[in-house]
Amino acid sequence: DESDHLETWLTNSVGTDVRIPDLRIHGLTFQGGRLLVAAGKPVAQLMYTDAAGSVVALCLIQSDTPRAGFATRTTNAFDMVSWGAGAAHLVIVGDTGRPDLEEIAETAATEV
(Lines give C-alpha, C1' and ligand atoms only; values in the text may rest on other atoms or scores of the structure.)
Protein backbone atom coordinates (compact mmCIF):
# COMPACT_ATOMS: atom_id res chain seq x y z
CA ASP A 1 0.00 0.00 0.00
CA GLU A 2 1.64 3.18 -1.23
CA SER A 3 -1.19 5.51 -0.17
CA ASP A 4 0.76 7.24 2.61
CA HIS A 5 3.73 7.85 0.33
CA LEU A 6 1.47 9.10 -2.48
CA GLU A 7 -0.36 11.50 -0.14
CA THR A 8 2.94 12.90 1.14
CA TRP A 9 4.41 13.27 -2.34
CA LEU A 10 1.30 14.95 -3.77
CA THR A 11 0.94 17.23 -0.72
CA ASN A 12 4.54 18.38 -1.11
CA SER A 13 4.18 18.80 -4.87
CA VAL A 14 0.82 20.61 -4.89
CA GLY A 15 1.42 22.77 -1.83
CA THR A 16 -1.76 21.89 0.03
CA ASP A 17 -2.97 18.85 1.96
CA VAL A 18 -3.86 15.88 -0.26
CA ARG A 19 -5.78 12.97 1.26
CA ILE A 20 -7.06 9.90 -0.59
CA PRO A 21 -10.76 9.55 0.21
CA ASP A 22 -12.27 6.11 0.66
CA LEU A 23 -15.01 5.95 -1.98
CA ARG A 24 -15.80 2.22 -1.70
CA ILE A 25 -19.30 3.08 -0.47
CA HIS A 26 -19.93 4.26 -4.05
CA GLY A 27 -18.49 1.09 -5.56
CA LEU A 28 -15.21 2.81 -6.45
CA THR A 29 -11.76 1.29 -6.02
CA PHE A 30 -8.72 3.54 -5.69
CA GLN A 31 -6.30 2.87 -8.56
CA GLY A 32 -3.56 5.44 -8.05
CA GLY A 33 -2.57 9.03 -8.41
CA ARG A 34 -0.45 11.30 -10.50
CA LEU A 35 0.76 14.84 -10.76
CA LEU A 36 -0.56 17.02 -13.59
CA VAL A 37 -0.22 20.69 -14.49
CA ALA A 38 -3.11 23.11 -15.12
CA ALA A 39 -2.94 26.89 -15.36
CA GLY A 40 0.80 26.59 -14.71
CA LYS A 41 0.23 24.98 -11.29
CA PRO A 42 0.66 21.40 -10.05
CA VAL A 43 -2.55 19.37 -9.76
CA ALA A 44 -3.04 16.13 -7.82
CA GLN A 45 -5.19 13.59 -9.65
CA LEU A 46 -6.56 10.55 -7.81
CA MET A 47 -8.14 7.84 -9.99
CA TYR A 48 -10.87 5.37 -9.11
CA THR A 49 -12.72 2.72 -11.12
CA ASP A 50 -16.08 1.03 -10.66
CA ALA A 51 -17.00 -2.61 -11.40
CA ALA A 52 -17.73 -1.75 -15.04
CA GLY A 53 -14.30 -0.16 -15.46
CA SER A 54 -15.58 3.43 -15.64
CA VAL A 55 -13.09 5.96 -14.30
CA VAL A 56 -13.85 8.69 -11.78
CA ALA A 57 -11.07 11.18 -11.05
CA LEU A 58 -10.62 13.59 -8.16
CA CYS A 59 -8.38 16.55 -8.97
CA LEU A 60 -7.04 19.05 -6.46
CA ILE A 61 -5.18 22.33 -6.99
CA GLN A 62 -3.85 24.79 -4.39
CA SER A 63 -5.78 28.06 -4.31
CA ASP A 64 -5.65 31.22 -2.23
CA THR A 65 -9.24 32.06 -3.20
CA PRO A 66 -11.83 30.41 -0.94
CA ARG A 67 -14.77 28.86 -2.73
CA ALA A 68 -18.02 27.86 -1.07
CA GLY A 69 -20.54 25.23 -2.12
CA PHE A 70 -20.70 22.69 -4.91
CA ALA A 71 -20.96 23.56 -8.60
CA THR A 72 -22.00 21.02 -11.24
CA ARG A 73 -21.44 21.24 -14.99
CA THR A 74 -21.03 19.16 -18.10
CA THR A 75 -18.25 19.60 -20.65
CA ASN A 76 -18.29 17.39 -23.74
CA ALA A 77 -18.42 13.78 -22.45
CA PHE A 78 -17.70 14.61 -18.79
CA ASP A 79 -19.75 15.66 -15.79
CA MET A 80 -17.94 17.60 -13.08
CA VAL A 81 -18.70 18.61 -9.52
CA SER A 82 -16.32 21.19 -8.04
CA TRP A 83 -15.92 22.77 -4.61
CA GLY A 84 -13.40 24.43 -2.34
CA ALA A 85 -11.87 23.15 0.88
CA GLY A 86 -9.30 25.07 2.87
CA ALA A 87 -6.52 26.16 0.53
CA ALA A 88 -7.66 23.98 -2.37
CA HIS A 89 -10.13 23.75 -5.22
CA LEU A 90 -11.33 20.23 -6.02
CA VAL A 91 -13.27 18.63 -8.83
CA ILE A 92 -14.72 15.15 -9.33
CA VAL A 93 -14.89 14.14 -12.99
CA GLY A 94 -16.90 11.24 -14.40
CA ASP A 95 -18.71 10.12 -17.53
CA THR A 96 -21.70 12.20 -18.58
CA GLY A 97 -24.89 10.94 -17.00
CA ARG A 98 -23.28 9.25 -14.02
CA PRO A 99 -26.13 9.60 -11.50
CA ASP A 100 -24.07 9.46 -8.29
CA LEU A 101 -21.36 12.03 -9.06
CA GLU A 102 -22.71 14.61 -6.61
CA GLU A 103 -22.90 12.00 -3.85
CA ILE A 104 -19.31 10.95 -4.61
CA ALA A 105 -18.24 14.60 -4.34
CA GLU A 106 -20.03 14.96 -1.01
CA THR A 107 -18.26 11.90 0.38
CA ALA A 108 -14.89 13.08 -0.94
CA ALA A 109 -15.46 16.53 0.57
CA THR A 110 -15.81 15.06 4.05
CA GLU A 111 -12.50 13.18 3.72
CA VAL A 112 -10.11 15.60 2.03
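These questions and answers look at how the terms for this predicted model are decided.

Me: What should I know before reading the values?
Reply: This is a predicted model, where local features need pLDDT of at least 70, side-chain atom pairs count only at pLDDT 80 or more, and totals for chains, interfaces and linings use all residues. Residues are numbered from 1 along each chain as its sequence is written, and side-chain values use heavy atoms, with hydrogens and water left out.

Me: How many aromatic pairs are there by the rule?
Reply: The count is two aromatic pairs. The rule pairs rings of Phe, Tyr and Trp (its six-membered ring) if their centres lie within 6.5 Å; planes under 30 degrees apart are stacked, over 60 edge-to-face, and the rest tilted.

Me: Why is the pair of Phe70 and Trp83 called tilted?
Reply: The centres are 5.5 Å apart, and the limit is 6.5 Å, so the rings pair. The planes meet at 45°. That is neither under 30 nor over 60 degrees, so the pair is tilted.

Me: Where do Phe70 and Trp83 sit?
Reply: Phe70 is in the loop between strand S3 (55-62) and strand S4 (71-75). Trp83 is in strand S5 (residues 78-85). The two are 13 residues apart, and the pair links distant parts of the chain. Strands (E, at least two residues) are DSSP runs, numbered from the N terminus, as are helices (H or I, at least four).

Me: What makes Trp83 buried or exposed?
Reply: Buried means under 20% relative accessible area, exposed over 50%, and partly exposed in between (1.4 Å probe, protein chains only). Trp83 has 2%, so Trp83 is buried. Phe70 has 44%, so Phe70 is partly exposed.

Me: How do you know that Arg24 and Asp22 form a salt bridge?
Reply: A salt bridge needs a side-chain nitrogen of Lys or Arg within 4 Å of a carboxyl oxygen of Asp or Glu. The closest N and O atoms of Arg24 and Asp22 are 2.6 Å apart. That is within the limit, so the pair qualifies. Arg24 is exposed at 62%, while Asp22 is partly exposed at 33%.

Me: Which other salt bridges are found in the whole structure?
Reply: The search finds five salt bridges. Among them is Arg19 with Asp17, at 3.0 Å. Glu7, Asp17 and Arg19 are linked in a network of salt bridges. Another is Asp100 with Arg98, at 2.8 Å from N to O.

Me: Why is Arg98 called buried?
Reply: Its relative accessibility is 16%, so Arg98 falls in the buried class.

Me: What makes the meeting of Asp50 and Arg98 a polar contact?
Reply: The term covers a pair of N or O atoms within 3.5 Å; within protein, one must be able to donate a hydrogen and the other to accept it, and residues adjacent in sequence count only if both atoms are side-chain atoms. The side chains of Asp50 and Arg98 are 3.0 Å apart at this contact. That distance is within the limit, so the term fits. Asp50 lies in the loop between strand S2 (41-49) and S3. Asp50 is buried, at 17%.

Me: Which residues is Asp50 in contact with, leaving aside neighbours within four places in sequence?
Reply: They are Gly27, Leu28 and Arg98. Contact means heavy atoms within 4.5 Å.

Me: Why is Ala39 called exposed?
Reply: Its relative accessible area is 82%, so Ala39 is exposed. Ala39 is found in the loop between strand S1 (29-38) and S2. Ala39 also has a positive phi of about 55°, although it is not a glycine.
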